[in-house]
Amino acid sequence: MGVAHGFPKLANPIQWGPVTARFMPNDQEADEREISNVSIVPVCGGSYVMMQLEDGRWELPGGTKEPGERYLDTLHREMREELGAELLSYRICGQLHCESSSPLPYREHLPHPRFIRLFGWGEVKLVGHPLNPPDGERVAAVELVTIDEAIRRFREGGRDELAELYQFAHIKRRSMR
């Protein structure tokens with residue numbers, strides 16, 4: 001599937017603060033040393049899981065590796081912290097090749113200025129509430145929605161790139177059935 005067809009935001013560089021990301025659709029793992037972050041479009045049964053931060057923004061779940069952590073360990077931890085969920089499965093369906101214009105890395109142990117954010121979808125089981133650790137994003141709500149509702153919420157919030165990531169993961173997930 002070509003990224004440009006139907007995914008105009010993913011076909012072009014994405015700007016997230018000092019980071020420029022380029023989406024590369026593939027199902028390959030990257031060298032663990034190059035991975036800084038891992039993101040997921042979480043699915044619970046037939047619904048998509050969304051998280052809303054205290055400031056009202058809908059955000060893509062996932063996060064940054066801690067020192068010595070492997071990306072799957074990061075994802076397991078982030079699902080507990082952000083969604084109150086247990087990760088049941090994870091399928092990579094893309095990589096965001098990132099470059100930071102900051103003079104220093106986000107955290108000392110992370111690759112810099114170039115790094116990879118793995119992207120995929122996976123099944124989760126909601127088992128509690130977000131842990132909201134003091135050094136993390138503050139999650140106010142976790143909701144189960146249809147793919148159309150997820151896309152609508154991201155677009156209304158001006159996050160077209162996240163709408164397209166959810167849509168891309170949805171298409172990849174359906175193609176595997």
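Buried means under 20% relative accessible area, exposed over 50%, and partly exposed in between (1.4 Å probe, protein chains only). Helices (H or I, at least four residues) and strands (E, at least two) are DSSP runs, numbered from the N terminus.

This is a predicted model, in which local features need pLDDT of at least 70, side-chain atom pairs count only at pLDDT 80 or more, and totals for chains, interfaces and linings use all residues. Residues are numbered from 1 along each chain as its sequence is written, and side-chain values use heavy atoms, with hydrogens and water left out.

Helix H1 covers residues 71-83, and its buried residues include Tyr71, Leu75, Met79 and Leu83. The expected span of a helix is 1.5 Å times one less than its number of residues. For the 13 residues of H1 this gives 18 Å, which agrees with the 17 Å between its end C-alpha atoms.

Strand S2 (residues 19-24) has alternating side chains: Val19, Ala21 and Phe23 are buried on one face, while Thr20, Arg22 and Met24 point to the other and are not buried. Two strands pair if DSSP finds at least two bridges between them. S2 pairs in the antiparallel sense with S1 (residues 14-16) over 3 bridges and with S8 (residues 91-100) over 6 bridges. Gln15 stands opposite Thr20, and Val19 has Ser100 as its bridge partner.

Positive phi values occur at these residues:

| Residue | Place | Phi |
|---|---|---|
| Gly17 | hairpin of S1 and S2 | near 60 degrees |
| Gly84 | just after H1 | about 65 degrees |
| Asn132 | not a glycine | about 45 degrees |

Asn132 lies in the loop between S9 and S10 and counts as buried because its relative accessibility is 15%. A cis peptide bond, with omega about 0 degrees, joins His112 and Pro113.
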